[in-house]
Amino acid sequence: MAKKDKIFIFDTTLRDGEQSPGASMSLEEKIQISRVFDDLGVDIIEAGFPIASPGDFEAVSAISKVLKKSIPCGLARHLKKDIDRCYEALKHASRFRIHTFISTSPLHMKHKLNMTTEQVYDSIKEHVTYARNFTDDVEWSCEDGTRTDMDYMCKTVELAIKSGANTINIPDTVGYTVPSEFTKIIETILNKVPNIDKAILSTHCHNDLGLAVANSLAGLQAGARQIECTINGIGERAGNAALEEVVMAIRTRNDLMPYETGINTKLLSKASKLVSNATGFPVQFNKAIVGKNAFAHESGIHQDGMLKNRNTYEIMTPESVGVKQTSLVMGKHSGRHAFKDKLISLGYADLTDDIIENAFGKFKVLADKKKHVYDEDITALVDDSLVLDNKANNLVLKSLKVFAGTGEPQRAEMTLDVNGQIKSSSETGDGPVDAIFKCIKSLYPHDVNLQLYQVHAVTEGTDAQATVSVRIEENGKTTVGQAADTDTLVASANAYIAALNKMILKREKTAPMMEQQEEKMRGI
Ligand code: KIV
Ligand code: ZN
């Protein structure tokens, strides 16, 4: 059998994905995500844009130290200081990639860069050559590639390769192209650039017209061999091509796309949940591959067909993407051992004893309150223990009482550990959640904007645990906190406190001078 072409999966969840408004992730979350991406089989992980902020630098640096198989990559504009910073962040890895880019479309060159075509051309030679001083793995991107004149693009690609780039990425920066046009762009580059055989051609498609995955696959079929994508399709504006969709399309329609990726598809669901939790961006129910309903069959005709033969309405199995049928597994008589085994089967192999003990305690409480304990419940309470276990937390909820109902203003009474000091307060509010958040504010005075407050049930039933996500903003920085509990109000308090703890950590880590630089750099 002929060997299938390998498609390199370049994940940019931690860079382009984090550029989604409000999707910032903490260092710990980024490290946790990159470890899962490593296990998932992602070939290249774009871990951040090191010059953009101290936080980005630290994340790229930390990630470059923990990856086992995936190649870490950092982004750099055509500026020597960007490339230097990128190298500084990546240098701990035995292999790493520097990804440098400049716009090549008439619109961007004139209005954004204020540079002529000649100046951009010269800049490519200078900066790709410069990046090659640090690594033999250099990727070059022509930003706004799909609105670039094709003759000019071919000249720039040829020069980038001559200067040392071995991956050439063609971004559809504004999500403007359509599959037939993108096919022509990739084919033209392959046919007209004389040294193209010395580089891998890559796609980077945005989803403004909902075509990012279709365009990426068209690019592959035309000869591209790397796809840049993100988990859950997060990214600037409408996002990027979704990794899970690209990979499952190649796998499911291998008759039409006889390629292979190194992705362990059984970890797709786990990666999706992790990214959703870290960003606070819920996955839409009908999202392909990883949505809650992606494998649900509601209509009688479909259910009947499924019972007769699953192939009637199922083009891939839920198991192939790591979705298990909801199982009723544990009860109040289950012991520590069974609980530990369960955690391993759910993918939590390397938890500390403290976290397992904390989660087990919560499981026992939950099993007493709730008739059925599902896998999703256990996942939610372990994730919760991971957040609350953080020894660096400045604020810890000690107790909460809420008086709600008709007739009188809602009131909350709260006791909080604030940096080791126990403080209590009672506040009324427009509803119980408002009263709770006011208590937190009076016990730990702060001034943040609440950008998102979201509740969803982990499983079905009125006794289900609620997961609450809270996103707060302070001086342009955002953090997301999440918590789960059968009591929605307790989960609300803990989610807000988790977001505040992260914000406190962020404040401590960001030097004021670098903060200003961050704001400037983000405006690329
Ligand atoms: O969309 C884009 O053009 C980018 C580049 C930096 C590759 O993200
Ligand atoms: Zn992009």
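What follows is a short chat about a predicted model of a protein chain with a bound zinc ion.

Reader: Before we start, how are things numbered, and what kind of model is this?

Author: This is a predicted model in which local features need pLDDT of at least 70 and side-chain atom pairs count only at pLDDT 80 or more, while totals for chains, interfaces and linings use all residues. Residues are numbered from 1 along each chain as its sequence is written, chains are lettered from A and ligands numbered from 1 in the order in which they are written, and side-chain values use heavy atoms, with hydrogens and water left out.

Reader: Okay, which residues are the protein donors of the zinc ion (ligand 2)?

Author: They are Asp16 through OD, and His204 and His206 through NE2, lying 2.0 to 2.1 Å from the zinc ion; donors here are N, O and S atoms within 2.8 Å of the metal (3.2 Å for Na, K and Ca), and since water is not among the atoms, sites may look incomplete.

Reader: And where do Asp16 and His206 sit in the chain?

Author: Asp16 is in the loop between strand E2 (8-11) and helix H1 (27-40), and His206 is in the loop between strand E8 (200-205) and helix H8 (212-222), so this pair, 190 residues apart, links distant parts of the chain. Helices (H or I, at least four residues) and strands (E, at least two) are DSSP runs, numbered from the N terminus.

Reader: Are those two buried or exposed?

Author: Asp16 is buried at 2% relative accessibility, and His206 is buried at 4%, where buried means under 20% relative accessible area, exposed over 50% and partly exposed in between (1.4 Å probe, protein chains only).

Reader: Switching topic, how many disulfides are there?

Author: The count comes to 0 disulfides, a disulfide being a pair of cysteine sulfur atoms within 2.5 Å.

Reader: Why is Cys86 not in one?

Author: Because the closest cysteine sulfur, in Cys73, is 6.7 Å from that of Cys86, which is too far for a bond. Cys154 is in no disulfide either, with the nearest cysteine sulfur, that of Cys142, 9.8 Å away.

Reader: What does the side chain of Ser70 reach?

Author: The side chain of Ser70 reaches the backbone oxygen of Val42 at 2.8 Å. Ser70 itself lies in the loop between helix H2 (54-66) and strand E4 (71-77), and is buried, with a relative accessible area of 5%.

Reader: Last one, how many helices and strands does the protein chain have?

Author: The protein chain has 17 helices and 18 strands, and buried residues make up 55% of its 524 residues.

Definitions and conventions:
A polar contact is a pair of N or O atoms within 3.5 Å; within protein, one must be able to donate a hydrogen and the other to accept it, and residues adjacent in sequence count only if both atoms are side-chain atoms.
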